[in-house]
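The following exercises are meant to be worked with the sequence and the model side by side. Try each task before reading its solution.

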Amino acid sequence: AIDVAKIKTIIAVVIGIFGIASVLIMLLSLLGFVQYSQLVLSKASYEIRTLLRIGYSIRQIVNTFIRQMTITFGIITLSAIAIMLIVKLFIINVWLENNGISSVGSGFTLTLIVGFSCFVLFILANYINVRKTVNKLGKN
């Protein structure tokens, strides 16, 4: 006979492991985006110095860069949410219903909160990084 309690425990452990792995993957991808922004800043260091010399403030340069990164990362975040929602509605829910499994607690709200939190974390990390880099370029 199948012991339902053991199966629930095993499923909870597996879901927990996958949850931790997914958080680590998201943090690593955020670090990749931050590293990409550092690369862009180092490639544009001459242009940034030129803008500072002709009178643009550090704040203007930082805000312009952050605005562009926010738009780019916002499009990526919204696309990922849309893809996740489409897959959930048309593939996962259909498969679960065909196999007689009800999906009452979907966790979609939690996923949106985590996605938005990652978005804000990315913007804050980039803001700190860009401001520090532009300040350093301004002192040279």
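The predictor's confidence in each residue is expressed as pLDDT, on a scale from 0 to 100. This is a predicted model, in which local features need pLDDT of at least 70 and side-chain atom pairs count only at pLDDT 80 or more, while totals for chains, interfaces and linings use all residues. Residues are numbered from 1 along each chain as its sequence is written, and side-chain values use heavy atoms, with hydrogens and water left out.

**Exercise 1. Confidence and overall form**

Task: Establish what pLDDT the chain averages, and how many helices and strands the secondary structure comes to.

Solution. Begin with confidence: the chain averages a pLDDT of 85, and 95% of the residues score at least 70. Among the elements, confidence is lowest in α1, with a mean of 84, and highest in α2, at 92.

Next, assign the elements, taking helices (H or I, at least four residues) and strands (E, at least two) as DSSP runs numbered from the N terminus. The chain comes to four helices and zero strands, and the order from the N terminus is α-α-α-α.

Then turn to the overall form. The radius of gyration is taken over C-alpha atoms, and the globule rule is 2.2 Å times the number of residues to the power 0.38. The chain has a radius of gyration of 22 Å, well over the 14 Å that the rule gives for 140 residues, so the chain is more spread out than a compact globule. Taken along the principal axes, the C-alpha atoms fill a box of roughly 75 × 25 × 20 Å.

**Exercise 2. The two sides of helix α2**

Task: Determine which residues of α2 are buried and which exposed residues lie on the face turned away from them.

Solution. First fix the terms: buried means under 20% relative accessible area, exposed over 50%, and partly exposed in between, with a 1.4 Å probe and protein chains only. Within α2, which spans residues 45–53, the residues S45, I48 and L52 are buried. These residues cover an arc of only 60° around the axis, which puts them on the same side of α2; the arc is that of the directions from the helix axis to the C-beta atoms.

The face turned away from this buried side carries the exposed residues Y46 and R53. The cover over the buried residues includes α1 (4–43), α3 (58–98) and α4 (108–139). Just after α2, G55 takes a positive phi of about 115°.

**Exercise 3. Two residues of helix α1**

Task: Decide whether S37 is buried or exposed, and do likewise for K43.

Solution. S37 lies in helix α1, and its relative accessible area of 0% makes it buried. If contact means heavy atoms within 4.5 Å, then S37, leaving aside its neighbours within four places in sequence, is in contact with F65, M69, N126 and N129.

K43 is also found in helix α1, but K43 is exposed, with a relative accessible area of 66%. K43 and V14 are 29 residues apart in sequence and 43 Å apart in space, C-alpha to C-alpha.

**Exercise 4. Aromatic pairs and the nonpolar core**

Task: Find how many aromatic pairs the whole structure holds, and which residues have the most contacts inside the largest nonpolar core.

Solution. Rings of Phe, Tyr and Trp (its six-membered ring) pair if their centres lie within 6.5 Å; planes under 30 degrees apart count as stacked, over 60 as edge-to-face and the rest as tilted. A search of the whole structure finds four such pairs. The rings of F33 and F73 have centres 5.0 Å apart and planes at 75°, so this pair is edge-to-face. The pair links distant parts of the chain, with F33 in helix α1 and F73 in helix α3, 40 residues apart.

F33 also forms an edge-to-face pair with F122, at 5.7 Å centre to centre and 70° between the planes; here F33 in helix α1 is joined to F122 in helix α4, 89 residues apart. F33 is partly exposed at 26% relative accessible area, whereas F122 is buried at 1%. One aromatic cluster is formed by F33, F73, F119 and F122.

For the last step, a nonpolar core is a set of buried Ala, Val, Leu, Ile, Met, Phe, Trp, Tyr and Cys residues joined through side-chain atoms within 4.5 Å. The largest one has 18 residues, and those with the most contacts inside it are I48, F122, V130 and V134. α1, α2, α3 and α4 each supply at least two residues of this core, and α4 gives the most, with seven residues.
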